[in-house]
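Work through the exercises below with the sequence and the 3D view at hand. Try each task before reading its solution.

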2 protein chains.
Amino acid sequence: MNTADCYAVIFTSTLSRSVAGYAEEADAIEALARQQPGFLGFESVRDESLGISISYWRSEADIRAWRHNSRHQLAQKRGRQQWYQNYHIRICRVERDYQFQQESD
Amino acid sequence: MNTADCYAVIFTSTLSRSVAGYAEEADAIEALARQQPGFLGFESVRDESLGISISYWRSEADIRAWRHNSRHQLAQKRGRQQWYQNYHIRICRVERDYQFQQESD
């Protein structure tokens with residue numbers, strides 16, 4: 001995924017103790033995000049204490065449209081009511097990127 | 001950590017099969033990063049397939065200085081030779097940020 005000159009949304013979160021339904025909803029929302037205009041990519045990792053998810057977008061307008069998607073807004077509301085102890089969202093402009101790939105043996 | 005109007009370095013990586021010494025070196029480099037001018041914060045999660053680490057900095061000049069730190073450069077070299085199958089570094093400007101914190105029960 002080439003992401004120079006694009007936008008990244010960094011979402012870091014800690015879950016509450018009420019995680020029933022969370023994994024299924026996260027999968028559904030990821031699938032929906034992948035269909036949005038301007039979606040470029042998604043990376044996500046979670047351990048016991050912290051989750052970091054990053055989505056990449058062509059423009060800030062695309063991020064805004066996704067943020068206001070009605071199905072996504074339902075998920076955000078449920079997230080605040082039930083699943084998340086806390087979260088932090090950062091909207092970032094990707095200024096430069098570098099890649100390294102090991103040569104095969 | 002308030003990070004509006006700062007810079008984020010997103011480091012996503014996949015490890016090779018040769019991870020001897022990696023965890024100790026990652027801890028040492030994180031401790032060194034925390035002492036650098038302009039360092040604002042660090043978040044990191046790894047699962048079996050992917051690692052995402054994000055460091056936050058006051059300015060691009062601070063990121064450049066850290067990138068060229070001689071001890072850090074040794075670690076970068078060893079990372080390419082031994083530990084990483086691949087990695088992707090993105091230098092980002094944090095344009096906006098939002099936080100949510102669950103009220104205590």
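**Exercise 1.** By what turn, and with what shift along the axis, can chain B be laid on chain A?

*Solution.* Start with the conventions. The model is predicted, so local features need pLDDT of at least 70 and side-chain atom pairs count only at pLDDT 80 or more, while totals for chains, interfaces and linings use all residues. Residues are numbered from 1 along each chain as its sequence is written, chains are lettered from A and ligands numbered from 1 in the order in which they are written, and side-chain values use heavy atoms, with hydrogens and water left out.

Step 1. In general, two copies of a chain are related by a rotation about an axis and a shift along it.

Step 2. A turn of 180 degrees and a shift of 0.0 Å along the axis lay chain B on chain A with an RMSD of 0.0 Å. The fit is by least squares on the C-alpha atoms of residues with pLDDT of at least 70 in both copies.

Step 3. The two copies are therefore related as by a two-fold rotation axis. In chain B, the C-alpha nearest this axis belongs to Arg93(B), at 2.6 Å.

**Exercise 2.** List the elements of chain A in order, from the N terminus on.

*Solution.* Step 1. Chain A has 3 helices and 4 strands. Helices (H or I, at least four residues) and strands (E, at least two) are DSSP runs, numbered from the N terminus.

Step 2. Their order is β-α-β-β-α-α-β.

Step 3. One of the helices, α1 (residues 22-34) of chain A, holds Glu30(A) and Arg34(A), which are 4 residues apart and so separated by about one helical turn. These residues form a salt bridge, with the closest N and O atoms 2.9 Å apart. A salt bridge here is a side-chain nitrogen of Lys or Arg within 4 Å of a carboxyl oxygen of Asp or Glu.

**Exercise 3.** Describe the interface of chain B and chain A by its residues, area and pairs.

*Solution.* Step 1. Chain B and chain A each give 39 residues to the contact, where contact means heavy atoms within 4.5 Å.

Step 2. The two chains bury about 3,700 Å² between them, 52% of it on carbon and sulfur atoms. Buried area is the accessible area (1.4 Å probe) that two parts lose on being put together, summed over both.

Step 3. The rule finds 4 salt bridges across this interface. One case joins Glu43(A) to Arg90(B), at 3.7 Å from N to O.

Step 4. On the side of chain B that touches chain A, β4(B) supplies the largest share, 18 residues.

**Exercise 4.** Which strand of chain B do 15 bridges join to β4 of chain A?

*Solution.* Step 1. The partner is β4(B), and the two strands run antiparallel. Strands pair if DSSP finds at least two bridges between them.

Step 2. Two residues of chain A show the pairing: Gln101(A) has Asn86(B) as its bridge partner, and Phe100(A) has Tyr87(B).

Step 3. Within chain B, 10 bridges join β1(B) to β4(B), also antiparallel. There, Ser13(B) has Tyr87(B) as its bridge partner. Tyr87(B) is thus a bridge partner of both Phe100(A) and Ser13(B).
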